[in-house]
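Please read the following account with the sequence and the model at hand. It covers charged pairs, a sheet with its helices, and the nonpolar interior.

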Amino acid sequence: MATRYLIRATGVARPGQLAGLGKALAAGGARLLDINQSVTFGMLSLEMLVGLNHDSALEAALSEAGDTLGLDVQAIAVSGEDYQRWSEQASQPRLILSLLAPKLPAGILAEVGALTAEFGLTVELIHRLSGREALEGDAPANGACVECWLRGSDAELEALREKALALGAQHGVDIAIQEDTIWRRHRRLVCFDMDSTLIKTEVIDELARRHGVGDEVADVTERAMRGELDFQESFRERMSKLAGLDEAVLKEIAAELPLMDGVERLMANLKRFGYRTVILSGGFTYFARHLQDKLGFDEIHANELVIENGKVTGEVKEPIVDAQRKADLLEQIALREGFTLEQTIAVGDGANDLKMLAKAGLGIAFRAKPVVRAQARQAISTLGIDAVLYLIGYREADLID
């Protein structure tokens, strides 16, 4: 009668251990059904599920092999009921929970453990994507990221995300939760808002400040970002206040644009990995072209200022890039390039980005207003924009600075 055994081996990792255990299993006539091995801080953990078609002195053979190899080896008979339960768990949907922060407090593990248990989720695997962290000194240059693989059925994903957002806010940690699908590692198109996403300023506010109408325009901008005003209406109102601005001011501001933390590292790696990168901005093409030249974006879509006789007229060419146009452009570009929507990523900070974030396979609110963070599926607030690479699943060792 066939019997299943779970073989568990632990100890200090060294070469030749897999070979030695494999020989002992082969001598006992075992068939390999499943295997998992990891080495953490030099300690080996190896689990194998094997099948035997006849009685065997397997346990004694493995124990002898373990003594030779410096491993503690156990052979545990697996009942049909246990095997069925494991199989059902393995077929349940997997979620990826990412913890991101300049430094991760140990207490967050207990909180996350309680949260996942509340939603009936089992923590299957935990590993670190960011680089090693020193015991003392400054936080890692690119922040800390730990990724947890969760299993469970019928988890209320939106309720889980809502509680994770609140929990993260309490501890100064970003907690992102996404479904683990085939598309997670096969995104191809990344679309970015520009102002307060790729750069640390709202250009229209800076233009207004130089033109002496800064407070008036900043107030309208803030209300629009919070979603209190229709974007097109607020945009035209702000533009009208810029009439008469000298074109030379545009050049001065473009030369001084403050780049967002991590944007150069993010773009270098996205280009290296072959992603198509696009700016979809409610700002202006004049400044988007500057970023395209500097950082290498494949294409830009923004609003075109009307300039006559060296002066800004206070008008823009149609169509205005508002929330709906951003979402439409994302879909159109994906279709044109032969990508599915699941292969797209969108990153933005304002209410004008919400439709784009909802349309994309991975929508990320970056350093966003509370109303935007609450509605977006993912949010990053504690790290630079290059933390997007962690949510795609890249490890620090995969990346260049």
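In this predicted model, Glu318 and Arg236 form a salt bridge, with 2.8 Å between the closest N and O atoms. The two residues belong to distant parts of the chain, 82 residues apart: Glu318 lies in the loop between strand S13 (311–316) and H12, and Arg236 lies in helix H8 (residues 231–240). Glu318 counts as exposed because its relative accessibility is 54%, and the threshold for that class is over 50%. Arg236, at 41% relative accessibility, counts as partly exposed.

A second pair, Glu304 with Arg289, is also a salt bridge, and here the closest N and O atoms are 3.3 Å apart. Glu304 sits in the loop between strand S11 (299–303) and strand S12 (305–308), while Arg289 is in helix H11 (residues 285–295), 15 residues apart in the chain. Glu304 has a relative accessible area of 26% and is therefore partly exposed. Arg289 is likewise partly exposed, with a relative accessible area of 40%.

A third pair joins Asp193 and Lys326, whose closest N and O atoms are 3.0 Å apart. This salt bridge links the loop between strand S9 (189–192) and helix H6 (203–210), where Asp193 lies, to helix H12 (residues 323–337), which holds Lys326; the partners are 133 residues apart. Are these two residues buried or exposed? Both Asp193 and Lys326 are buried.

Salt bridges also occur as a network, which links Glu206, Arg209, Arg210, Glu252 and Glu256. Over the whole structure, the search finds 27 salt bridges. Side chains of opposite charge can pair when their charged atoms come close.

The next topic is the sheet near the start of the chain numbering. Four strands make up this open sheet, ordered S2-S3-S1-S4, with antiparallel pairing. Its edges are strand S2 (31–40) and strand S4 (72–78), each of which pairs on one side only. On average, neighbouring strands are turned by 15° against each other, direction ignored. Inside the sheet, strand S1 (residues 3–12) pairs with strand S3 (residues 43–52) in the antiparallel sense over 10 bridges. Within this pairing, Arg4 stands opposite Gly51 in S3.

Which helices pack on the sheet? Helix H1 (residues 17–27) does, touching S1, S2, S3 and S4, and its direction makes about 20° with that of S3. Helix H3 (residues 80–90) packs on the sheet as well, with contacts to S1, S3 and S4; its direction makes about 100° with that of S4.

The remaining topic is the nonpolar interior. In soluble globular proteins, nonpolar side chains tend to be buried together. In this model, the largest nonpolar core has 61 residues, and Phe192, Phe284, Phe287, Leu291 and Ile385 have the most contacts inside it. Helix H15 (residues 388–392) supplies the largest share of this core, five residues. Leaving aside residues up to four places away in sequence, Phe192 touches Leu198, Leu266, Met267, Leu270, Val278, Ile279, Leu280, Phe297, Val347 and Ile385. Separate from this core is a second one of 19 residues, which includes Val146, Cys148, Ile175 and Ile177.

Note on methods
Residues are numbered from 1 along each chain as its sequence is written. This is a predicted model: local features need pLDDT of at least 70, side-chain atom pairs count only at pLDDT 80 or more; totals for chains, interfaces and linings use all residues. Side-chain values use heavy atoms; hydrogens and water are left out. Two strands pair if DSSP finds at least two bridges between them. Axes are lines fitted to C-alpha atoms, for helices over the stretch in contact, and angles run from 0 to 180 degrees between N-to-C directions. Contact means heavy atoms within 4.5 Å. A salt bridge is a side-chain nitrogen of Lys or Arg within 4 Å of a carboxyl oxygen of Asp or Glu. Buried means under 20% relative accessible area, exposed over 50%, partly exposed in between (1.4 Å probe, protein chains only). A nonpolar core is a set of buried Ala, Val, Leu, Ile, Met, Phe, Trp, Tyr and Cys residues joined through side-chain atoms within 4.5 Å.
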